[in-house]
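Thanks for coming. I have one structure to walk through today, and I will keep to what can be read from the coordinates.

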Amino acid sequence: MVPLLFGAFVIAGVVYGVIAGTVRHKDDVPRTMGESVTSMAGYIVLILVIAQFIAVFNWSNVGTLLAVKCAAALESVGLTGFSAVVLLVLVVSVLNLFVTSGSALWSLMAPVFVPTFALIGTEPALTLAAFRSADSSAQMITPLNPYLFLSLALLRTYEPDASLGILMSRLAVYLVPFLVTWPAVLGLFHALDLPLGPGARVRLP
């Protein structure tokens with residue numbers, strides 16, 4: 001699949017570049033490909049580290065051990081229902097302040113939290129929905145989020161004196177309503193046992 005997809009995108013890109021006039025010589029193809037990869041270099045390095053982290057988790061079975069221990073801890077304190085989902089939302093919201101990439105954070109958390117919640121009867125789809133609700137709520141005030149500075153640049157076109165603090169204070173107003181509304185929607189699905197999608201229920205049989 002990888003060579004097929006690579007070839008399809010290269011052919012489409014070269015044809016578009018020739019028609020648009022951005023590709024005039026054969027040397028323009030690797031140059032433009034290199035420029036596009038340069039913008040993703042940081043993400044590629046991060047994914048490489050995460051891939052090694054997950055591989056070590058799978059090889060050592062530490063992820064399974066942590067999942068069993070976390071599930072036992074949640075059961076011991078009585079957090080086996082929707083209250084555990086709310087706790088996950090709060091944990092993800094805090095971690096979101098330090099890890100800017102939602103996909104990277106999910107790659108780090110999924111090997112532990114998906115089996116943990118599965119052991120207490122929660123469908124993985126609900127675990128992912130809880131993660132996404134927290135990620136979408138707290139991501140907008142994450143200080144390390146590069147899109148925050150993009151939003152600041154856009155704001156300064158209308159308010160030249162606007163600062164990062166002004167932008168974050170305005171966005172922070174939406175944090176609490178989002179953190180209340182999204183878990184409330186998930187709670188409605190959980191209470192009524194409504195499917196989150198095709199074949200994806202909120203509780204494991």
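I will go through the cores, then a surface patch and the aromatic pairs, and end with the salt bridges. Keep in mind that this is a predicted model.

Start with the inside. The largest nonpolar core has 17 residues. Which of them touch the most other members? Those are Leu88, Val92, Met109, Phe117, Ile120 and Ala130. Four helices give two or more residues each to this core: H4, covering 62–76, H5, covering 82–95, H6, covering 102–119, and H7, covering 124–138. The biggest contribution comes from H5, with five residues.

Take Ala130 from that list. Setting aside residues up to four places away in sequence, alanine 130 touches Val85, Leu88, Val89 and Leu186. There is also a second core, separate from this one, made of five residues, among them Leu148, Leu152, Leu155 and Leu167.

Now look at the contact between Ala130 and Leu186 from the other side. Leucine 186 sits in helix H10. Is leucine 186 buried or exposed? Its relative accessibility is 8%, so leucine 186 counts as buried, the cut-off being under 20%. Apart from neighbours within four places in sequence, leucine 186 is in contact with Phe82, Leu126, Ala129, Ala130 and Ser133. For a sense of distance, the C-alpha atoms of leucine 186 and methionine 140 are 21 Å apart, with their positions 46 residues apart along the chain.

One loop residue belongs in this part of the talk. Threonine 122 lies in the loop between H6 and H7. At 5% relative accessibility, threonine 122 is buried. Leaving out neighbours within four places in sequence, what does threonine 122 contact? The answer is Phe117, Thr127, Val202 and Leu204. Phe117 was also on the list of core residues that touch the most other members.

Next, the surface. Val173, Tyr174, Phe178, Trp182 and Val185 make a nonpolar patch of about 470 Å². Valine 185 is in helix H10, which runs over residues 175–192. With a relative accessible area of 34%, valine 185 is partly exposed. Two other patch members are partly exposed as well: tyrosine 174 at 45% and phenylalanine 178 at 32%.

That brings me to the aromatic pairs. How many are there? The count is three. A pair of rings is described by how far apart the centres are and by the angle of the planes. I will show two.

One is phenylalanine 113 with phenylalanine 117, a tilted pair with 6.4 Å centre to centre and 35° between the planes. Both residues lie in helix H6, four residues apart, which is about one turn of the helix. Phenylalanine 113 is partly exposed, at 24% relative accessible area, whereas phenylalanine 117 is buried, at 3%.

The other pair is tyrosine 174 with phenylalanine 178, both from the surface patch. Why is this pair called tilted? The ring centres are 6.4 Å apart and the planes stand at 45°. Planes under 30 degrees apart would count as stacked and over 60 as edge-to-face, so this pair falls under tilted.

Last topic, the charges. Side chains of opposite charge can pair when their charged atoms come close. The model has five salt bridges. In one of them, arginine 170 pairs with glutamate 159, and the closest N and O atoms are 3.1 Å apart. Where are the two partners? Arginine 170 is in helix H9, residues 164–172, and glutamate 159 is in the loop between H8, residues 146–156, and H9, eleven residues apart. Both are partly exposed, arginine 170 at 40% and glutamate 159 at 31%.

Three residues form a salt-bridge network: Asp193, Arg201 and Arg203. Aspartate 193 meets arginine 201 at 3.5 Å, N to O. Aspartate 193 also bridges to arginine 203, with the closest N and O atoms 3.6 Å apart. Arginine 203 and aspartate 193 are both in the segment after H10, ten residues apart. As for exposure, aspartate 193 is partly exposed at 28%, arginine 201 is partly exposed at 38%, and arginine 203 is partly exposed at 35%.

That is the end of the tour. I can put any of these residues back on the screen.

Terms used
Residues are numbered from 1 along each chain as its sequence is written. This is a predicted model: local features need pLDDT of at least 70, side-chain atom pairs count only at pLDDT 80 or more; totals for chains, interfaces and linings use all residues. Side-chain values use heavy atoms; hydrogens and water are left out. A nonpolar core is a set of buried Ala, Val, Leu, Ile, Met, Phe, Trp, Tyr and Cys residues joined through side-chain atoms within 4.5 Å. Buried means under 20% relative accessible area, exposed over 50%, partly exposed in between (1.4 Å probe, protein chains only). Contact means heavy atoms within 4.5 Å. Patches are made of residues with over 30% relative accessible area and no salt bridge: like charges are joined within 9 Å, nonpolar side chains (Val, Leu, Ile, Met, Phe, Trp, Tyr) within 5 Å. Accessible areas come from the Shrake-Rupley method with a 1.4 Å probe; for residues, only the protein chains shown count as cover. A salt bridge is a side-chain nitrogen of Lys or Arg within 4 Å of a carboxyl oxygen of Asp or Glu. Rings of Phe, Tyr and Trp (its six-membered ring) pair if their centres lie within 6.5 Å; planes under 30 degrees apart count as stacked, over 60 as edge-to-face and the rest as tilted.
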